[in-house]
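Subject: Handing over a structure, with notes

Dear colleague,

I am passing this structure on to you, and my notes on it follow below. Please read them with the sequence and the coordinates open beside you.

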Amino acid sequence: MHPGFGYGFGFGSAGIGHNGVPAISPLRTAIAQLFASGAQGGAWDVTQPDMLFQDAGRLSPVTGLAQPCQSILDLSPNGNHVTAPNGSARAIYGLMPNGKPGILFDGQDDHFTRASFDLSGSSVVTFFAAFWMLTSTGTRALVETSTLSS
């Protein structure tokens, strides 16, 4: 495996195990293997509430449908958690049209950011996203790499 950048957003895994400890799943095992060689980047699973928090400080977990999501834990060992910059930019944990859970963006201002990713030692970049676009209106972007000022 080449050192690189692994990124995943919106794909499925097993649920919460005993006493709230995340269950081991093929997805989480694959993510661990992807980053075992020291790859930079992150992996985020927005289908499982054990990875989602209603606040930026990650003190209030998402525990059910229709709750706001402001922070998503990084499944990689790199600690690249992403956060919505404020309460109005939070997405909602809910059901997709296919009945599967995920986070729903309003197409206006909902987004997640990470201050920086150090990819200086990376020779390979891998990007993976699974999503369901419900409308063709509003703001749509999967990855934005420019510097934003608020």
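A word is needed before the first residue is discussed: a residue is called buried if its relative accessible area is under 20%, exposed if that value is over 50%, and partly exposed in between. Please also keep in mind throughout that this is a predicted model.

With that cut-off, Ala91 is a clear starting point, because its relative accessible area is 0% and it therefore counts as buried. Ala91 lies in strand β8, and, leaving aside residues up to four places away in sequence, it touches Gln67, Pro68, Cys69, Ile103, Leu104, Phe105, Asp110 and Phe112. One of these neighbours, Leu104, is found in strand β9, which covers residues 101-104. Although Leu104 and Ala91 are 13 residues apart in sequence, their C-alpha atoms are 5.5 Å apart in space. Leu104 is partly exposed, with a relative accessible area of 27%, whereas Ala91 is buried.

The wider setting of this residue is as follows. The protein chain has one helix and 11 strands, and, read along the sequence, these elements follow the pattern β-β-α-β-β-β-β-β-β-β-β-β. Of the 150 residues in the protein chain, 35% are buried. The chain exposes about 8,600 Å², and carbon and sulfur atoms supply 57% of that area. Among the contacts in the protein chain with a separation of 6 or more, 56% are made by residues 24 or more positions apart.

How do the strands around Ala91 pair? Strand β8, residues 91-95, pairs with strand β5, residues 67-69, in the antiparallel sense over three bridges, and in this pairing Gln67 stands opposite Tyr93. The pairing of β8 with β9 is also given as antiparallel, over four bridges, and here the bridge partner of Gly94 is Gly102 in β9. The hairpin of β8 and β9 has five residues between the strands, and in it Gly99 takes a positive phi near 85 degrees. As general background, strands of a sheet pair through backbone hydrogen bonds, either parallel or antiparallel.

A separate set of strands also deserves a look. Three strands form an open sheet in the order β4-β6-β7, with antiparallel pairing. Its edge strands are β4 (52-53) and β7 (82-83), each of which pairs on one side only. Strand β4 pairs with strand β6, residues 71-72, in the antiparallel sense over two bridges, and the bridge partner of Leu52 in β6 is Ile72.

Leu52 and Ile72 bring us to the interior. The largest nonpolar core has 13 residues, of which Leu52, Cys69, Ile72, Ile103 and Phe112 touch the most other members. There is also a second, separate core of five residues, which includes Ile31, Phe35, Ala39 and Ala43.

Two members of that second core, Ile31 and Phe35, can be followed into the helix. Helix α1 spans residues 26-35, and within it Leu27, Arg28, Ile31 and Phe35 are buried. Seen down the axis of α1, the buried residues fall within an arc of 95 degrees, so they line one face of the helix. On the other side of α1, Pro26 and Gln33 are exposed. The general background is that an α-helix has 3.6 residues a turn, so residues three or four places apart point the same way.

Last come the aromatic rings. How many aromatic pairs does the count give? It comes to one aromatic pair, formed by Phe105 and Phe112, which meet edge-to-face at 5.9 Å centre to centre with 85 degrees between the planes. The angle is called edge-to-face because the planes are over 60 degrees apart. Of the two partners, Phe105 is partly exposed, with a relative accessible area of 38%, whereas Phe112 is buried, with a relative accessible area of 16%. Both Phe105 and Phe112 are also among the residues that Ala91 touches, which brings these notes back to where they began.

With best wishes

Methods. Residues are numbered from 1 along each chain as its sequence is written. This is a predicted model: local features need pLDDT of at least 70, side-chain atom pairs count only at pLDDT 80 or more; totals for chains, interfaces and linings use all residues. Side-chain values use heavy atoms; hydrogens and water are left out. Rings of Phe, Tyr and Trp (its six-membered ring) pair if their centres lie within 6.5 Å; planes under 30 degrees apart count as stacked, over 60 as edge-to-face and the rest as tilted. Buried means under 20% relative accessible area, exposed over 50%, partly exposed in between (1.4 Å probe, protein chains only). Contact means heavy atoms within 4.5 Å. Accessible areas come from the Shrake-Rupley method with a 1.4 Å probe; for residues, only the protein chains shown count as cover. The arc is that of the directions from the helix axis to the C-beta atoms. A nonpolar core is a set of buried Ala, Val, Leu, Ile, Met, Phe, Trp, Tyr and Cys residues joined through side-chain atoms within 4.5 Å. Two strands pair if DSSP finds at least two bridges between them.
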